[in-house]
Amino acid sequence: MDQQLYDFGMIGLGVMGRNFLLNVADDGFGALGTDIDQESVDALNEEGKEMRVKGVSTQKEFVSLLSRPRKIMMLVPAGKIVDSVIEGLLPILDEGDILIDGGNSHYDDTDRRYEYLKTKGIRFLGAGVSGGAKGARLGPSIMPGGDRSAWEDVRPILETVAAKVNGDPCVTYIGEKSSGHYVKMVHNGIEYGLMQLLAEAYDILKRVGGMDNDQMSELFTRWNNGRLNSYLVEITAAILKFREEGSETHLLDVILDKAKQKGTGKWTSQSAMDIGVPIPTIDSAVTMRAISAFKEYRQDNSKLYTVVHPDEPLLKGEGLAEAVEKALYFGFVCCYAQGMHLLAEASEEMDYKLDLEGIARIWRGGCIIRAELLETIRSAYGKREGLKNMMATIEFREDLHDCRDAVAEIVHQANERGVPSMCLSSALQYFEAFRSERLPLNLVQAQRDYFGSHTYERLDEKGTFHTTWDPKKIHKAGDETDSAIPTDPNEAKVMDPPSGAEG
């Protein structure tokens, strides 16, 4: 048996796991892998035959060939499989060994595993990895959270493997417990929003502006050389012009318009709802993927409803292109702002103690949402301790103000022609709501107090108040049924808020 010891182990040798491990070996570390699929083990041995890489078929041999403390990453599907792998390893690991979950696990599962493994003497990291298979091979963005001492032990390897921007590795210790997977989840939520914003820009240019794919590809390429410079804009330009070999048809035009999802966008929306942070652009992106799944229903409805289009759009050609660029930039800023605001609030809610400047820094390279804009975001958070929402900072205030009218016009043009623009519209309304000194939610509070005795606060007097709005119908808190207790309709009482549920 080969008794040389390896520095880093990988369980799960699919394309991501295999490429990550080869990346580890590229940088001089001994890399060991295992998988239940023998073909994947053989593929690793073939691809790594000129490197210090080895694939083995059993976990027992795998563990025996790793140097102590053992550093083992799992890149397997999230869920029960992760728990199964952990249980299989526990009898053959030693106290102080390190397990890293590099998949897209839900943060609640990561918290559970973190606490469980602590009782077993195993140090655990939940590490988000972004960049796809290519990123795993050439340098991903890595977001590890959990046991700090484990991070210090694996830090030399992960910093070497990660993407670099101006020499800075795109990896940093995120924080305790499930913080790494939480940050990766929000990264993916932002990714959902950016992708849908790009899809809406493409749709408006095509259906309002009448541009063909090659014209749009040139336009996105031009934008990628400006303030919209990003991985997603770059690949959008490439996708738009792509034709299969021997075909005159653009591949994009024959791809079914049903987008799938793996859950991280939905988790982001759910967590934001739980914490009470508005992320409407990300929510809208999740909703649009759900709507896209109902293809047959959409086809039926398209025959039932027609939209009367004006003869000519007010914006066309270069004027339309300039307005769409402004709308897209505006949407990008709002989408990043929503994700960063969620991280700021979640950091307090879950005691993660997140370094938002550091998170923006490691997102600048390797990951799917990498963009030139992230350097400005990093700077904004680096200058202001405790910053939660970046929209009002000097870095973005002038640009958002400059773009606002173009966004409104683009949404108007899309509405006139029946082109859905849910993400662009939500970004605009998010901005409008946050710049409104007064919102109509005073009416909502009055309604809640009327039917549920939920109380309200006043502008002209301190305290919490409840009013009997209708002398004939007094409602129980949390219910819409009548009460038999009459009171003076003009009487407003200061009171403690009731505990009844709304509605």
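Reader: In what order do the 7 strands of the open sheet run, and what is the pairing called?

Author: Happy to start there. In this predicted model, the order is β3-β2-β1-β4-β5-β6-β7, and the pairing is mixed.

Reader: What makes β3 and β7 the edge strands?

Author: Each of them, β3 (53-56) and β7 (141-146), pairs on one side only. As for the turn between neighbouring strands of this sheet, the average is 25°, direction ignored.

Reader: How do you know that strands β1 and β2 pair, and in which sense?

Author: Two strands count as paired if there are at least two bridges between them. Strand β1 (residues 8-11) and strand β2 (residues 31-34) have 4 bridges, in the parallel sense, so they pass that test. Within this pair, phenylalanine 8 stands opposite alanine 31 in β2.

Reader: Which helices pack on the sheet, and what do they touch?

Author: Helix α2 (residues 38-47) touches β2 and β3, and its direction makes about 165° with that of β3. Helix α8 touches β5 (98-101), β6 (123-130) and β7, and the direction of α8 makes about 15° with that of β6.

Reader: Now to the annotated residues. Where does UniProt place the feature "active site"?

Author: The unreviewed UniProt entry places it at Lys184 and Glu191. From this set, Lys184 is part of the lining of the second largest cavity. Lysine 184 is found in helix α8 (residues 179-207), and glutamate 191 is found in helix α8 too.

Reader: Why is lysine 184 called buried?

Author: Buried means under 20% relative accessible area. Lysine 184 has 5% relative accessibility, so it counts as buried.

Reader: Why does glutamate 191 count as buried?

Author: The cut-off is again under 20%. Glutamate 191 comes out at 16% relative accessibility, and therefore it counts as buried.

Reader: Which residues does each of them touch, leaving out those up to four places away in sequence?

Author: Lysine 184 touches Asn104, Gly128, Val129, Ser130 and Met143. Glutamate 191 touches Ile368 and Ile369.

Reader: What makes the link between the side chains of lysine 184 and asparagine 104 a polar contact?

Author: A polar contact needs a pair of N or O atoms within 3.5 Å, one able to donate a hydrogen and the other to accept it. The side chains of lysine 184 and asparagine 104 are joined at 2.9 Å, so the distance falls inside that cut-off.

How values were computed:
Residues are numbered from 1 along each chain as its sequence is written. This is a predicted model: local features need pLDDT of at least 70, side-chain atom pairs count only at pLDDT 80 or more; totals for chains, interfaces and linings use all residues. Side-chain values use heavy atoms; hydrogens and water are left out. UniProt positions are given in the numbering used here, feature names are shortened, and annotations may be inferred rather than shown by experiment. On a 1 Å grid over the protein atoms alone, a cavity is a set of points where a 1.4 Å probe fits but cannot get out, and a pocket is an open set with protein on both sides within 12 Å along at least five of seven lines; lining residues have an atom within 4 Å of a point. Helices (H or I, at least four residues) and strands (E, at least two) are DSSP runs, numbered from the N terminus. Buried means under 20% relative accessible area, exposed over 50%, partly exposed in between (1.4 Å probe, protein chains only). Contact means heavy atoms within 4.5 Å. Axes are lines fitted to C-alpha atoms, for helices over the stretch in contact, and angles run from 0 to 180 degrees between N-to-C directions.
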